[in-house]
Amino acid sequence: MKFGVVTFPGSNCDYDTYAAVRHILSEEVEFLWHLDADLKGSDVVILPGGFSYGDYLRTGAIARFSPIVKEVIKFAREGGTVWGICNGFQILLEAGLLPGAMLRNKGLRFICRYVNIRVESVGNRLTAGLNQGQVLRIPIAHSDGNYYDYPEKIEKLKENDQIVFRYCDSEGNITAESNPNGSFDNIAGICNRDKNVFGMMPHPERAVENVLNSTDGLKLFESIRAYYSRRAVV
Amino acid sequence: MKEPEVNLELGLQHGLSEEEYNRMVEILGRVPNYTELGIFSVMWSEHCSYKNSIAVLKTLPREGGALLTKAGEENAGAVDIGDGLAVVFKIESHNHPTAVEPYQAAATGIGGILRDIFTMGARPIAALNSLRFGDLKHPRARYLLDGAVRGIGDYGNSFGVPTVGGEIYFDDCYLGNPLVNAMAVGIVKSDGIVSGTAKGTGNPVFIVGSSTGRDGIHGATFASEEISEKTESKRPSVQIGDPFTEKLLLEATLEIIKKELVIGVQDMGAAGITCSTTEMSDRGGAGMKIDISKVPVREEGMIPYEIMLSESQERMLVVGKKGSEDELQEVFKKWGLPALQIGEVTDDGLVTVSQNGEVVAKVPAYDLVLGGGAPVYERERKRPSYLDEIRDFDADSVPQPDDLNQTLLNLLSAPSIANKGWIYHQYDHMVRTSTTVFPGGDAAVLRVRKTRKGLAFSTDCNGRYCYINPHRGAMIAVSESARNVVASGAKPAAITNCLNFGNPYKPEMFWCFYEAVMGMGEACRKFNTPVTGGNVSFYNEDQIGGRAVYPTPTIGMMGILEDIDHRMTSHFKDEGDAVILIGRTHNEIGASEYIRVIHDLIKGDVPELDLDYEQKNQEAALELIKAGLVKSCHDLAEGGLGIALAECCIMDRENQIGCRIDIGMDLRPDIFLFSESQSRFLISIDPKNNDAVEKRLKGAGIDYSFIGHVQGKKLVINDLIDLELSELNDKWYGSISRLMEQQV
C-alpha cells in the first residue's frame, strides 16, 4: 500500500508524518505538492498539520481551493482514505468533506501538550485495530481546535457512529477538565458518513516512538495498514 | 522628499559622536550624502559594530572543543557533533522593541535568529527563549509578557520550529525594559556550511523574500539608546513579522544551497540591505554594486536612505553563481517568493548603490564593518559603590519563619520559581518529532535523527547574582547551564551568550560588563565550552523608571549525548527509590530567592563557586547517569534543596510521587532548606544500586549523602516540612496562570 502526504506552503508536520510512515511503519510514502493535481497512486492521503498558506485567514480556508484538494475531494468521493491531522482536519472541514467547524480554543491561546483521547468507535479503518473505549496518549498543538456543530448535527454524528475520538482523562472518563480546547462534547476526531474521511486534532505522528514519549499514535497507522492488507487478501 | 544637507549636527542626531563624524568624513574624503550618513550611522551603531564591547569579548575562549567556525566570523557559530554533522546555534536580544510593541518585537526576534541559522544552510531544529519581565503584579508587565509569549508562539509555531526551552525571571528592574533573548539551533552537514560571503567578480547578487517597506528604519540605532518618553514614538522602528514567508524562505534557501547554486547567503536583520551588502563584501574581500530601483518595495516614493536602512523582515541577500541565475530564480518561484537580481560582485571593495542610473551612495565595505574599520573603544571602568553595601549581610539577622510549610509554599508560588507551563504550553515544542525531554525540566533534549546522539539545551542567568557580583554571577550562569545539561545526561559542549547590560558609557556599568565577561570566560575555559558567538545588548535602561536592568549575561548552553538513551529527567520515578544529595550545603542565602520573596531583601553576596569542585561533581553525576544507575537527576538552583525536592515530586504531572527525607542539618533549618549553594545535584536511584553508586561517588571523592526515599503522596522533610502534593501542585502549577488569566 502507499501513503501520500500533502505539502502545502506552510505545512510543517509534513516531514514528521512522512517519517512516521516511512521509518516507523515502514510503508511506501510520497509527498504530494499542493499545485499538482496528482495523488501519485496513493491509497491513503494524509493532510498534515501546519499553517497552510499561513492561515492568516480562517484556518484551512485557502487550502481548500488548491489543486491538490480538488483531487482529494474526488478521491474521497470514490472511497479513498483521506486523513486530516490538525490543520488537515481544519482543511477537510472547509472543503466540506467533514461536517462542522473549528472555533478558537476556549482559552484563546495556542495549546501544545500531551492529552488523552478515548476511542469512541472502532467501526472504521482508522480504529478497527483498537478497542472501543481504549485510551490513547497523543499530543495536541493548535489554536483552533474547538470543534463545533449544531447540537442536532452532533446527534446525527452519534447516530451514524461518526465520532471517533473524544478527549478524556487518563482513566477514560470524559470530563470538562480533560477537554483542552472547549470542543463540543469533547470531540477530538470524527469521520464522514462513509467512514473513509477522517479528521482529528491530536497528532498521532508525534507519538510513534518511545523516544517521543508515546507510541499510541502508531496504532492508528497500523490499523489503516491492517485494513489494506485485509483488503488485499480478499 | 528632499534629502537634508549633511553636517555635524545631523551626524550627532544620527547617534554618531563628533569624533566618529570626522572619521567618516576622513574615510570618504568628503562630506557624505544623506544616504551615506545613514549607512555609516547604522553600521557604527552599538548594535552593529559592537564598538564598546568587542575588545572585551575578544578575551572569551572562541576556539577549541569542536568549534568549526569561530565566533563572529559567520552569522552563527558551528560545532562539530560527529557523524558528519554540525550544530549551529546563537542567541540574540530583541529587548527595546519589546518595551514598545511586545508581540511583533518578540515575533521578529525569533524570525531574525532563525534566519541567522538557515542562512548557513542549517535547518532549524529548536528554539529557546530567555525572558525577563517586571513583577506580574503590574498590569504593564502582564501586558508585555502576554504579548511577547504570543509573538514567540505565533511565529515559531507557524514556522514549524519546536520551542523547547528557556527560562524566565520576574523582577521590577525589568519592568520598563524587559528582555527577550531568542536562541535558535540548526543542524547541517559539517561540509555543507554556507558562508555569508561575496566572492567572484561578476557573480549575481539577489534580494529574495519579502519586499522592502518603511518598517524598522533605524531599528539598530533604536536598540543603541536608552528607553525614554520618546521611545513610544519609536513604534515605527519595530518590524513586523510574517512567519509564513519565513517558512517559505527557509525551504527556498535550503533548496538553493542543496542545489549548489550559491556562493554566499546573508540574512537581512539589523540595518537591512546596508549591513548585508557591506558585511558580505568585506568577508569575501570584494565589493558590490547594486541598483536599488530593482528592489521590490511596498510603497511608492521610498528614497535610497529608506531602502538601504529598512529592516523589513524575511529578506535575504544571496550571491549566486554566475550562470545559475535562472535555476535559482526558479526555486524561489516554486515557493512563491520574489528573487530579484539587484547587482553583482565587484573587486573594488566598495559598495556602490545606484538608483535609476544614478549613484546614490559609494562606501568602502571594510571601513564600515565590525572587525574592519568600525570604531573600537575600551570604556572607562569603575567599581560601583553599591556593591559593598549590598554584600554586607548577616544571614542570622534574617528572622526565622515559624511555619516552614507556608514558607515553602510561598516560595514555590513565586513566579520566578513556579512552573512556566502557562508559557511553554503556548509554544509547539514537539513539531519535527525530535524533542524527547520537554520544557519544564533542567534542559531540553532532542534526538539527532539517523544517529544515536542527542543534544541538550539550556539557557541560564540569575541577573540578581550578576548585579551583586558580576564576575561570580556570570561564572555561576555558565556553571548552572552546564549543570542543567549534565542533569539531562549530556556533556557540555559550547555556549552562546546574550549580554544584556545598561549604558556602557557609565563606568560602573562598564565595570559590571567587563567583570561578567571575565567570569564567563573563566568558567568556559574550565568546562571547555567555547563561545560560538552571541550578541550584546547595551542601553537596557529605562529613564522613566530611572534604572538599568540587572546585568544579565544570558548563557545558552549546548550539551551532547553520545547516546540518546542516556537522557535523564528531573522527576522522581518509583516508590522506594533512594534519594541522594550531591555537593555541600553552606550558609548561603545571600542574594537568594528565599530572602527576596519571603523577607523582601536583596542583600548579601552570591554563593561561592569553586570551578574545580563544580566540574568534579558534574562529571560524577554524568558518569552515574551514563552508567544507567540514575533514575532522576535535578540541579539545585533558586530556592535550594526545599524547592528542588518539591519539584522532583510533582514535575511529572502524570506520575507524581512524594518523598520522605531525613537529613542532618548543621545550619538553621530555613537556611539549610533554601540556601543556594552551588554545585549540587539531587538524584534518585534504585536501592539495589546503592552500593554501586556509593562506590563510584566515594572513589571520585565526591561529597554526597543518602537523604531519604521516594514514597507516598507527600513531601516530608525531617519534622520541618509535611505537605500534600496537591498543595504543592496548586502553588507551583497555578501561580503564573492565576496571575495572567485573571487580570490581563
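## Surface and overall build of chain B

In this predicted model, chain B exposes about 24,200 Å², and carbon and sulfur atoms supply 46% of that area. Buried residues account for 68% of the 744 residues in chain B. If you like to start from the outline, the C-alpha atoms of chain B fill a box of roughly 85 × 55 × 45 Å along the principal axes. A compact globule of 744 residues would have a radius of gyration near 27 Å, so the 26 Å of chain B agrees with that expectation.

The secondary structure of chain B comprises 26 helices and 28 strands. Taking contacts in chain B between residues at least 6 apart in sequence, 84% join residues at least 24 apart. As for charge, chain B carries 74 positive and 105 negative charges, and their mean positions are 4 Å apart.

## Strand β3 of chain B and its partners

Let's zoom in on strand β3 of chain B, which covers residues 85-93. This strand is mostly covered, with eight of its nine residues buried. One partner is β2(B), residues 77-82, which runs antiparallel to β3(B) and is joined to it by five bridges. Within this pairing, A86(B) of β3(B) has D80(B) standing opposite. The two strands form a hairpin with two residues between them. In the turn you will find D83(B), whose phi is positive at about 55 degrees.

Another partner is β6(B), a strand spanning residues 179-189. Nine bridges link β3(B) with β6(B), again in the antiparallel sense. Here S93(B) faces N181(B) of β6(B).

## A buried valine in chain B

V353(B) sits in strand β12 of chain B, which runs over residues 350-355. Its relative accessibility is 0%, which means that V353(B) counts as buried. What does V353(B) touch, not counting residues up to four places away in sequence? The list consists of I290(B), I292(B), M308(B), E358(B), V359(B), V360(B) and A361(B).

For a sense of distance, try looking from V353(B) to K259(B): the two are 94 residues apart in sequence, and their C-alpha atoms are 30 Å apart in space.

## Overall build of chain A

Turning to the other chain described here, chain A has five helices and 11 strands. Its C-alpha atoms fill a box of roughly 45 × 40 × 35 Å along the principal axes. For 234 residues, a compact globule would have a radius of gyration near 17 Å; chain A comes out at 16 Å, so the two agree. Of these 234 residues, 64% are buried.

Chain A exposes about 8,700 Å², 49% of which comes from carbon and sulfur atoms. Where contacts in chain A link residues at least 6 apart in sequence, 75% of them join residues at least 24 apart. The 26 positive and 28 negative charges of chain A have mean positions 2 Å apart.

## A partly exposed valine in chain A

V135(A) belongs to strand β7 of chain A, residues 135-142. Is V135(A) buried or partly exposed? With a relative accessibility of 24%, V135(A) counts as partly exposed, because buried would require a value under 20%.

Setting aside neighbours within four places in sequence, V135(A) contacts a group that includes N116(A), I117(A) and R118(A). The contacts of V135(A) also include C168(A), D169(A), S170(A), E171(A) and G172(A), as well as D216(A). F165(A) lies 30 residues from V135(A) along the chain, and their C-alpha atoms are separated by 9.3 Å.

Methods. Residues numbered from 1 in each chain as written. Chains lettered and ligands numbered in written order. Predicted model: local features only at pLDDT ≥ 70, side-chain atom pairs only at ≥ 80, totals over all residues. Heavy atoms only, no water. Helix = DSSP H or I, 4+ residues; strand = E, 2+ residues; numbered from the N terminus. Rg over C-alpha atoms; globule rule 2.2 N^0.38 Å. Buried < 20%, exposed > 50% of the residue type's maximum accessible area, 1.4 Å probe, protein only. Contact = heavy atoms within 4.5 Å. Areas by Shrake-Rupley, 256 points an atom, 1.4 Å probe, with all protein chains shown as cover. Lys, Arg positive; Asp, Glu negative; His and termini not counted. Charge placed at Lys NZ, Arg CZ, Asp CG, Glu CD. Pairing = 2+ DSSP bridges.
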